[in-house]
Amino acid sequence: MTLDTVGVPYAIAMHDATIPRTADASALFEPLQIGDLGLPNRIVMAPLTRCRSAPPDNTQTPLHALYYAQRASAGLIVSEATQISQEGQGYAYTPGIFNDAQVDGWKLVTDAVHNAGGRIFCQLWHVGAISHEVFHGGAKPVSSSAWTPPGHAYVANLVPGETKPPHPEARALETDEIPRLIDDYRHAARCAKAAGFDGVELHAANGYLIQQFMRSAINKRTDHYGGSLENRLRLLDDVVAALCEELPAGRVGVRLSPWSDASSKEELMTLYTAAAELISGRGLAYLHSPCPTDDAGKRIVASMRATFDGPFIANNEIEPGDAAGWLEEDRADAVAFGRMFISNPDLPARIAAGGPYTEPDKETFYGGGAEGYVDYPTLHRTRGHL
């Protein structure tokens, strides 16, 4: 399989297809401006970890280029979470964006997406404590404070006999290590630019490193990165500022996730409203947030939406039939779809036509090759006949 003979023509054929729109979906097909980048529709492909990058450098290949190009009809693609450094890795076979081989691999992807008429941001990721020593040469993972996360690490075949060992205890980053960490984000942003991405999304959500600094239940630091709300938000502030020095602010998005089992709803309301205010006033591309379905969570998201001064992208398994309502009711400016994009590469066309939708095969979500990755059918092609 080569990109020239399969991937780009296939993606272009889908992107150019003319399919009547259903009336209920029309709001999703209005253009949206994020910074200086115009999106042709408001259907975003959410970041989706697939654990298929090629060893030893966790690089992207023509297979990844095909996968993303197939989905280029999204108004915007946000790449799978991509580690900013070796220290930032926490799962087997997730991609990086910090060395030349990784830049070259991602260039295959961005070229394919652009040739198919799409736009793609790179999600910059540091997992912090959600990791394992196997990714760090035997060293402990790092976090805001010494902490052992619940659950298990996904190490695949990298640890003999153990696919999902428990997370080890992470160590606290020293204060004098923080400038180096911020420089890792800077370097990753430069690498993303060199790889041809249209922008970057800072992953400050889902329990990973920046959120580990934000959460009082985890962050027990006594320096100026811990204690007060202002201090716990300082790393978020510093990293966003660093990214905006490497790229135009309008090419930088931020993902936050306003939930935690260990925090009260009142604390989360205060924290995430403050975070939304903190990143406002900079001309950022957007704020992207998964949206809790409980009433308290909805109020937090509404407060974030009202506070942030740029486009707001909502996410969290929103059904296509409900997505237009989010826009019409001014709860969001765009809607990101995750699992539906796995099994419906031409999702915008399917939404426009009112379906049908293909169900994903959960057994092929993580790891593997082409099966369950680039072989899902479109409205115009059947599975296995690319």
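The legends below describe close-up views of a predicted model.

**View 1. A patch of negative charge on the surface, with Glu 317 among its members.** Four acidic residues, Glu 317, Glu 319, Asp 322 and Glu 359, gather on the surface of the predicted model to form this patch. Glu 317 is placed in the loop that runs between strand β12 (312–315) and helix α10 (320–328). Its relative accessibility is 62%, and because exposed means over 50%, Glu 317 counts as exposed.

**View 2. The surroundings of Gly 96, a buried loop residue.** Gly 96 lies in the loop between β5 (82–83) and α3 (100–115). Although it belongs to a loop, Gly 96 has a relative accessible area of 0% and is therefore buried, the limit for that class being under 20%. When residues up to four places away in sequence are not counted, Gly 96 touches Asn 58, Thr 82, Gln 83, Gln 102 and Trp 106. The C-alpha atom of Gly 96 is also separated by 6.2 Å from that of Ile 84, a residue 12 positions apart from Gly 96 along the chain.

**View 3. The salt bridge between Arg 171 and Glu 177, and the network to which both residues belong.** The closest N and O atoms of Arg 171 and Glu 177 are 2.9 Å apart in this salt bridge. The two partners fall into separate accessibility classes: Arg 171 is partly exposed, with a relative accessible area of 31%, whereas Glu 177, at 16% relative accessibility, counts as buried because that value is under 20%.

**View 4. The salt bridge between Arg 186 and Glu 245, which links distant parts of the chain.** The side chains of Arg 186 and Glu 245 meet with an N to O distance of 2.6 Å. Arg 186 belongs to helix α4 (residues 178–194) and Glu 245 to helix α7 (residues 234–246), so that the pair, 59 residues apart, connects one helix with another. Glu 245 has a relative accessible area of 56% and is exposed, because that class begins over 50%.

**View 5. The salt bridge between Asp 223 and Arg 221, with both partners buried.** The side chains of Asp 223 and Arg 221 meet at 2.8 Å, N to O, and each of these two residues is buried.

**View 6. A network of salt bridges that share partners.** Glu 87, Arg 171, Glu 177, Arg 180 and Asp 184 are joined into one network by salt bridges with partners in common. For the predicted model, the count of salt bridges comes to 18.

How values were computed
Residues numbered from 1 in each chain as written. Predicted model: local features only at pLDDT ≥ 70, side-chain atom pairs only at ≥ 80, totals over all residues. Heavy atoms only, no water. Patch = residues over 30% accessible without salt bridge, like charges linked within 9 Å, V, L, I, M, F, W, Y side chains within 5 Å. Areas by Shrake-Rupley, 256 points an atom, 1.4 Å probe, with all protein chains shown as cover. Lys, Arg positive; Asp, Glu negative; His and termini not counted. Charge placed at Lys NZ, Arg CZ, Asp CG, Glu CD. Helix = DSSP H or I, 4+ residues; strand = E, 2+ residues; numbered from the N terminus. Buried < 20%, exposed > 50% of the residue type's maximum accessible area, 1.4 Å probe, protein only. Contact = heavy atoms within 4.5 Å.
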